[in-house]
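Colleague: I would like to go through the labels on this model one by one. Tell me what each rests on.

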Amino acid sequence: MSIATGSQSTGRPPGIDADTLAYELHGNCYLNITRRCTLRCEFCPKFNGTWVVQDYDLSLGAEPDADQLVAAVGDLARYREVVFCGLGEPTLRLDVLLEVARRLKERGAHVRINTDGLANLVHGRDVTTEFAGLIDSVSVSMNAQDAPTYERHCRPKLEGAFDAILDFVRKVKVHVPEVTLTAIDGLPGVDIDACQRTADELGVSFRRRVLDVVG
Ligand code: SF4
């Protein structure tokens, strides 16, 4: 995900005792469906002492079910889009993600996933076919122009992660109308122009992100 650091230490801020399942930013509704990740990004707030993102505590006690998430979204008319994006990788909960997406699509939502692009590697199959008709937009955090730079910053637990992202993008663009690769400008060794060229070669959009800004 894109991130912003808050001022709180690990755990909930004083006075906040409920899980943040949905949070509003930029006119969008963001859904926080898991705290688990495939990566251990060295720039991530949760690996730097806080689960607070722009005053929202994303630490999650228990993982919410589909009913809880749909209820947390509330009135869709308030939002441009619903985005699966918390301090965890949403595709790790693929079944819940797709169920929530299906129910929101039935009500006319525009649905985006912000992802690490490792779902096919983690699940051991091509899951992108399951996105068809449910997901409108996928934003994939490529984060670097090559595997060594990616591994330095994102510290993947699985081998072959960088190549798996590129393969995921080739597959997902068949099933999802809008696919965007992103990288964070300002991380040491990250060549934003080279990342843009990779996106061009893959035939998808590219967005330069700014460190510490949610998007
Ligand atoms: S994928 Fe996102 S939530 Fe997970 S460790 Fe990296 S920055 Fe943090």
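**Labels and their grounds**

Modeller: Asp67 lies in helix α1 (residues 66-73). Keep in mind that this is a predicted model.

Colleague: Why is Asp67 called partly exposed?

Modeller: Its relative accessible area is 48%. Buried means under 20% and exposed means over 50%. Asp67 falls in between, so partly exposed is the label.

Colleague: And what makes Leu211 partly exposed?

Modeller: Leu211 sits in the segment after β9. Its relative accessibility is 33%. That value lies between the 20% and 50% cut-offs, so Leu211 counts as partly exposed.

Colleague: How far apart in space are Leu211 and Arg93?

Modeller: Their C-alpha atoms are separated by 26 Å, with the two positions 118 residues apart along the chain. For Asp67 and Val190, the C-alpha distance is 40 Å and the sequence separation is 123 residues.

Colleague: Turn to helix α6. Which of its residues are buried?

Modeller: Helix α6 covers residues 192-202, and its buried residues are Ile192, Ala194, Cys195, Thr198, Ala199 and Leu202.

Colleague: How do you know that they are on the same side of α6?

Modeller: They cover an arc of only 160° around the axis, and this puts them on the same side of α6. In general, an α-helix has 3.6 residues a turn, so residues three or four places apart point the same way. On the other side of α6, Asp193 and Glu201 are exposed.

Colleague: What covers the buried residues of α6?

Modeller: The cover includes α5 (161-175), β8 (178-185) and β9 (205-210). α6 lies across β8 and β9, and runs at about 170° to β8.

Colleague: What makes the contact at the start of α6 a polar contact?

Modeller: A side-chain oxygen of Asp191 reaches to within 3.1 Å of the backbone nitrogen of Asp193. The cut-off for such an N or O pair is 3.5 Å, so the distance qualifies. Just after α6, Gly203 takes a positive phi of about 75°.

Colleague: What about α4? Which side of it is buried, and how do you know?

Modeller: In α4 (residues 147-154), Thr149, Tyr150, His153 and Cys154 are buried. Their arc around the axis is only 105°, which puts them on the same side of α4. β7 and α5 are included in what covers them. Arg155 follows α4, and its phi is positive, near 45°.

Colleague: Now the sheet. Why are β1 and β9 called edge strands?

Modeller: Seven strands form an open sheet in the order β1-β2-β5-β6-β7-β8-β9, with mixed pairing. β1 (22-25) and β9 each pair on one side only, and that makes them the edge strands. On average, neighbouring strands of this sheet are turned by 25° against each other, direction ignored.

Colleague: How do you know that β5 and β6 pair?

Modeller: Pairing needs at least two bridges, and these two strands have three, so they pass. Strand β5 (residues 82-84) and strand β6 (residues 111-115) pair in the parallel sense. Phe84 has Ile113 in β6 as its bridge partner. α5 packs on the sheet, touching β6, β7 (137-141) and β8, and its direction makes about 170° with that of β7.

Colleague: What stands out in the largest nonpolar core?

Modeller: Phe131 and Ile135 touch the most other members among its 69 residues. α5 gives the most to this core, with eight residues. Beyond neighbours within four places in sequence, Ile135 is in contact with Leu97, Ala101, Val111, Ile113, Val176 and Pro177.

Notes
Residues numbered from 1 in each chain as written. Predicted model: local features only at pLDDT ≥ 70, side-chain atom pairs only at ≥ 80, totals over all residues. Heavy atoms only, no water. Buried < 20%, exposed > 50% of the residue type's maximum accessible area, 1.4 Å probe, protein only. Helix = DSSP H or I, 4+ residues; strand = E, 2+ residues; numbered from the N terminus. Arc of directions from axis to C-beta. Contact = heavy atoms within 4.5 Å. Polar contact = N/O pair within 3.5 Å; in protein donor to acceptor, adjacent residues only side chain to side chain. Axes fitted to C-alpha atoms, helices over the stretch in contact; angles between N-to-C directions. Core = buried A, V, L, I, M, F, W, Y, C linked by side-chain atoms within 4.5 Å.
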